[in-house]
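Me: I should like to understand how the terms used for charged side chains are justified. Please take me through some examples.

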Amino acid sequence: MSLIRHLTQEEMLAVVTELDQAIYTHEQWTEEMYTALICHVHADERDLSDDSYHRCRFGQWYYADGTAKLSDWPGFEEIAIEHKRMHQYATSLLRASMHGTPISLHDYERFVSALKRMRLEIQTLKRELEVSLYNTDALTGVPGRLQMLQKMRENQEFVVRGIHSCAIAMLDVDKFKAVNDVHGHLAGDHVLTAIAGYIQAHLRPYDLIFRYGGEEFLLCMPDANLESGREICDRLRSELGSLSHEADGGSGFQVTVSIGVAELGADYTVEEAINRADQALLSAKAAGRDRVFAWNPPLAITHLAAG
């Protein structure tokens, strides 16, 4: 399902943060509800009113103007339905408890069922938002750039603490526009999916791949330095170049990739490391493509040529 794609990443993060707070206040309300029923303490007056679903803290969040950003999610209205029904049952139980009227098992079970359904709807919304926020690429199935930055910063912290080195690489499909022009965009999509799948299957178990954008992928290789990272990437370059791709109604074809390698460093940012890998990639492409270049100052750029 396409979920609220019109939101920016900053807006999405704000919505997720607000939802987490709303979930927290709802769980607090649930504990207070059980305390009132079990210990027979006086219930909150808001929970005894006919519009308690509007007046509780979760309801105040749900019916606020800010949640209009979520209005195009089909399940959002279902939360309102289950939330209102749950509060109606809760109000009935609390009023009975206040008047000393025995609470039937049927009335209690329908409240619990409504509570469970509401929680399911809320958690479904949260999962949808988090998938969108962390941007798992729909085409290739690999993580996107937000997860990339998070994981790279985690690995940089290990570098800073001297636990291990970490190489990164920017990989780009050579002449990808020509693939789309000659074989069609569907074939281009298949190429990207095949490359991502092959890399995932043939990297070390703890290596990571991210879709950086377009036909570019970023690799994160913990416990690899510049030289070993370059060797890993040159093996991938050779193997990816031998893969056969097919277009509908056409013969098989092959594509090559160019790769730039750099290291995460303790004295410069993750963004600078990405920039170094990107500069090495640009040099590899300028030198003829289908090769691996590594950032290695003061020698600047070293490379492994194809073949």
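Reply: The following exchange deals with salt bridges and with the exposure of their partners. This is a predicted model, in which local features need pLDDT of at least 70 and side-chain atom pairs count only at pLDDT 80 or more, while totals for chains, interfaces and linings use all residues. Residues are numbered from 1 along each chain as its sequence is written, and side-chain values use heavy atoms, with hydrogens and water left out.

Me: Why is the contact of Glu 27 and Arg 119 called a salt bridge?

Reply: A salt bridge is a side-chain nitrogen of Lys or Arg within 4 Å of a carboxyl oxygen of Asp or Glu. For Glu 27 and Arg 119 the N to O distance is 3.1 Å, so the pair meets the definition.

Me: Which helices does this pair link?

Reply: Glu 27 is in helix H1 (residues 9–39) and Arg 119 in helix H6 (residues 105–134), 92 residues apart. Helices (H or I, at least four residues) and strands (E, at least two) are DSSP runs, numbered from the N terminus.

Me: Why is Glu 27 called partly exposed?

Reply: Buried means under 20% relative accessible area, exposed over 50%, and partly exposed in between (1.4 Å probe, protein chains only). Glu 27 has 28% relative accessibility, and therefore counts as partly exposed.

Me: What makes Asp 172 buried?

Reply: Its relative accessible area is 6%, so Asp 172 is buried. Asp 172 also forms a salt bridge with Lys 285, with the closest N and O atoms 2.7 Å apart. This pair links strand S1 (residues 166–173) to helix H11 (residues 270–286).
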